[in-house]
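Q: Hey, can you walk me through this model before I head back to the bench? I'd like the overall picture and then some individual residues.

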Amino acid sequence: MSLPRVRTCAKCQRVAFLLPSFAWFAVDFVEIVVVSGKPESGYSSRQLFDFLAFYYMQRFSVLGGSYMYVLFWNFRPAMSIMGVRIEAMDGQVEVLAAVLQRTLSPDQETRKNAEKELWAGGEVKLGYGTLALQLIGSQVIPPEIRLAGVVALKNFVKRNWQEADDDVKITDEERHLMRDETLRLMFALSGNLRKQLSSTVCEMGRVDFPSRWQSLVQVLAQNLATQNLDQIIASLELLDDLTKKYRTESKSQELWVELKFVLDNLTGPLLELFKAMMVSYDQKDVMPVVQCLNWLEILHLIASNFCSLSSQDLPEPFEDNIATWMTGFQQLLSMKVPSIEQGADDKIASPLENLKVSICEIITLYTQRYEEETANYVSPFIQSAWEQLVEIDHRYRFDGLVNACLGLLSAICQRVQYKALFEGEGVINTLCESVIVKNLVLREDDMENFEDGSIEYLNRDLEGSDFETRRRGASDFVRALCKNFEAQVFPVLANIIMKFLNEYQGSPTQCWRQKDVFYCLVTAMASKGSTQRHGVVSTSNLVNVVEFYSNYVREDIIDATSQVHPVLRADAIKYVVTFRNVLPFEAVKETIERTACENQGAIGLLRKDHPLLHQYAAYAIERLLCDRLKATSDSVFTSKNTPVGPLIELLVRASQASNVLNTHYIAKALMRVINLIDEESAQGATVLVDYLASLIGKAAKEAVDPGQTHYVFESLCVLVKRAYRVVGEGLTQHILPIMMEILQNDLLDLIPYALQVIALMVDQRKAITGNVGQYVDFVPVILKPEVWQRKANIPAALLVVESFLAGCPEVVLTGEHFNRVMGLFQGMFKQNKTLPYSFRLAAGILPHCGCFENLNDAALLVPMLKLIQTNKTELLVKYFVLFLCRYIIKKDAMALASVFEAIQPGMYVMVLEKIVLTALSDLGKRCTFSERQVIVMGMSQLIAHTAQLMGPLFPSAVQLTCDIAAHSGANTQFVVADADTDFNEVVADTSDPFSRLCNAQHVDDLFNIEEDVKKVLALAVLQHLPTTQGGEALVGSLSLELRNRLNSFVQP
């Protein structure tokens, strides 16, 4: 019996199976397989279906008749089964390629439509992943489309690989096929395609590895033993991506199990590969450049993996072979390769520098964590790092290496056993003069970045992205040296500072770089402790920060003339921000107050025609306006001591300049200033709305910094809060059309913002007038299914529904709107990601139960009980218990028991036993401090008012509630966190698709419990319960130990 042959029908773009009798079997790979005709003798229908099932490895069903339909579930492209080569889905590949081509269009509308089509027409269909892989592997598809395809595949995997509640359900078979094919293509392809496929494999690995994909590390480890350098590099790059998480993950039993599995499979091959590479060490000078680059890249990746695998604990195989590893790393750190040096790019680190950086990271880690095992090997590394720092020039390609060497010395100089290495004659002087100062001086390239208004310069200087820069490394090294050698370091640096200041004063225009170094050194020497929110909070006794400000800083920010270099003006205002909690208030205040001289302070910087100085001024204004009085927590700056009008005017003007930088600083500063407007200033709020609207329109059409867009909407929210009482109607007329336009034009990134602004407008209208009638036209718009289909919209849309539930429940909870709201309530139960929002919606509906037809307490509780019965999860039970406690606190404990009994007699005790008490034994560990307080408060009332209904469950209820109360009282970290929360400290999380606006959120008063919940519980059991019928007997049934425990809760 011969096997079927396969061809693709050009007309219908389907694969056909050709049997010896020429009976054709057309295959539609999207939804069904259609088999027509009758098979030749020797081929029964059963055998054909077995063949197809084996090929697909899927289920199928026969619907009967001469046309037999086989349900399609998955597809495996380009493979050979039973000797048949299958290459299908040609037509669909062409369709997908055309869509991807349109996603690359320069026209925004075309791109937007193509992205929607890619989602709606591709991702929601089964087999999308394997179809994308076929496109990526095709040699006839243009490279740019294949690259777009692999990016789309990576995003598809990110969104859908997690099984919990994906929009697309990927079957186990397709998951297996996609993993294998992605890994195969990663080794077969190169360049950006390989990088993106490697990232895709990592996304798969985050979910499947190692429990469901143990073969991954085994395949990669096997590839390390090949002679194919390309495959070795690909395997090491993927391993590097997979193991980097070990550097930051918290310790857990699950992590130890995974790490042991990886180490068992990887450490041996990694060591053998390292030995094999070190054999070529002596040939490095004669290797061809390409071969040498590959050799160095392999060594770099080996070192990077070594560092990641050592980050949690010292692996035993590494410890057993520590001599081999350390002696090899010593050779490599001091290595020079002239051929690489000659051909290297001055701005991009070569594999040689990357290798040395990884080695420095390893030694830094080992000296801090595994000191005993590495003590005998450290000295040569210190010598090599020192030599690197002295020899390396100013080129950018060495920045990472300089920073890594400084990091190594910073770690070592703080260890007592290496103290003698830094106490030698002239060592401190050499370090300060030849290493620290050398790496603090601005280079010409740095100055070009500053003059050109480079965002990179700004981010490095203000946002902490200077983590791997020379200046950051040198500053950190100063701080590290001062811990053990402050007395020796300060005199040396003080002499350098005075020398530089004298040079500057002698020639300010020529020697301004010396004063710039002064700012870096003083900041590093003076700072002992700092936070991002408060700046420096403790300083060295050897540095007088205030005196330095008066003598040397003030002249660059307050008494500045046109001769002061712009870099120094930026340094000066940054100095004020850094030491704002140490400097006198008058010094901070004069930085942003209005004076007769237009060149002074932050206002002077805003008036300068220099885009970077505008950003520094905005940064300073925003940070300083956050300050609060320590005694009262009131704002330091108010409308009375701040020039609100001029600041708003200048910030708006700076943001409208033709050379304005695309950052968030001006928008964030504007938000702070708007927060200070008084009623008089609020009269002109509509003008500000028009300005903010122009920025929103710009964000809809251009690529704008996400942080800027966020703070523009935050500014709008602050303006609504501050001005609605004064010009509410004017704000409504200006703002609502903007929000409606965003919704109507389906501007996906802006819709969550628009919804939150609408919610805030409704809240303000209700608070001031009590009537939200003019907003009810938004209700059907907000309840449209399309709004809720995108998960990023759900929290914001729910916010609007909550506002309408509070403002006009008679509109939302009647008619078709009621059906839609209840449908949302039940629909969001189906997925873990939306489960919290379902309970939040139920919390909003709860106060209105019994006030409208068909809406009672059971309408909320019954769907919850049904879901627990069919799909009980820890998360579901947690939110259910919290909801019951909400019901008890907001309504009544006895009423809750009555509702359950009305649903079904005996249900109250059943729910208490099977759900609530079972959950309480574990909830103490899985809840926040505030949630535990709610549970204790709710259970206290439940025990006090329904103890007689509990029967034999009463002692368990008291015991378990006591346990949670004990946790609640002991967890002081939550108390501190809650007390330190500053809702004015708004931070834009650009990775959050919801785009949460801090100034538009509702505060759930359920969690604002000020009572001592332990005392509440004790009084409920020991004082209230005995006054009820049969209460004394119930209390007497408690163990003596438990009663004593409750008594301890009452005692001060």
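A: Here's a chat through the overall make-up, the salt bridges, a charged patch and a few single residues.

Q: Cool, what should I know about where the numbers come from?
A: This is a predicted model, so local features need pLDDT of at least 70, side-chain atom pairs count only at pLDDT 80 or more, and totals for chains, interfaces and linings use all residues. Residues are numbered from 1 along each chain as its sequence is written, and side-chain values use heavy atoms, with hydrogens and water left out.

Q: How many helices and strands are there?
A: The secondary structure comes to 50 helices and nine strands. Both are DSSP runs numbered from the N terminus, with helices being H or I of at least four residues and strands being E of at least two.

Q: And what share of the residues is buried?
A: Buried residues make up 53% of the 1052 in the protein. Buried means under 20% relative accessible area, exposed is over 50%, and partly exposed is in between (1.4 Å probe, protein chains only).

Q: What about the exposed surface, how much is there?
A: About 46200 Å², with carbon and sulfur atoms supplying 51% of it. Those areas come from the Shrake-Rupley method with a 1.4 Å probe, and for residues only the protein chains shown count as cover.

Q: What share of the contacts is between residues 24 or more positions apart?
A: Among contacts with a separation of 6 or more, such pairs account for 72%. Contact here means heavy atoms within 4.5 Å.

Q: Switching to charges: how many salt bridges does the search find?
A: It finds 47 in the whole structure. A salt bridge is a side-chain nitrogen of Lys or Arg within 4 Å of a carboxyl oxygen of Asp or Glu.

Q: Give me an example. What does R194 pair with?
A: R194 meets D230 in a salt bridge, at 3.0 Å from N to O. R194 lies in helix 7 (residues 191-208) and D230 in helix 9 (residues 229-243), so the pair ties together parts that are 36 residues apart in sequence.

Q: Is R194 buried or exposed?
A: R194 is buried, with a relative accessible area of 7%. Its partner D230 counts as partly exposed at 41%.

Q: Which residue does E649 bridge to?
A: E649 pairs with R653, and their closest N and O atoms are 3.1 Å apart. The two are four residues apart in helix 29 (residues 644-655), so about one helical turn separates them. Both count as partly exposed, E649 at 47% and R653 at 48%.

Q: Which residues get joined into a network by shared partners?
A: Salt bridges that share partners join E341, D346, E353, D393, R395 and R397 into one network.

Q: And D559, what's its partner?
A: D559 forms a salt bridge with R554, with the closest N and O atoms 2.9 Å apart. D559 is partly exposed at 42%, and R554 is partly exposed at 25%.

Q: OK, patches. Which residues form the negative one?
A: E316, E319, D320 and E372 form a negative surface patch. Patches take residues with over 30% relative accessible area and no salt bridge, joining like charges within 9 Å and nonpolar side chains (Val, Leu, Ile, Met, Phe, Trp, Tyr) within 5 Å.

Q: Where does its largest share come from?
A: Helix 12 (residues 316-320) gives the largest share, three residues. D320 is found in helix 12 and counts as exposed at 56% relative accessibility.

Q: Now some single residues. Where does W213 sit?
A: W213 lies in the loop between helix 7 and helix 8 (215-223), and at 3% relative accessibility W213 counts as buried. Leaving aside neighbours within four places in sequence, W213 is in contact with R179, L183, V201, M204, G205 and D208. The C-alpha atoms of W213 and R179 are separated by 8.8 Å, with their positions 34 residues apart along the chain.

Q: What about helix 11, which residues does S308 touch?
A: S308 is in helix 11 (residues 289-310) and is buried, at 0% relative accessible area. Not counting residues up to four places away in sequence, S308 touches D240, T243, K244, Y246 and R247.

Q: And L299?
A: L299 is found in helix 11 and counts as buried at 1% relative accessibility. Its contacts, leaving aside neighbours within four places in sequence, are F274, M277, M278, L332 and L355.

Key: Lys, Arg positive; Asp, Glu negative; His and termini not counted. Charge placed at Lys NZ, Arg CZ, Asp CG, Glu CD.
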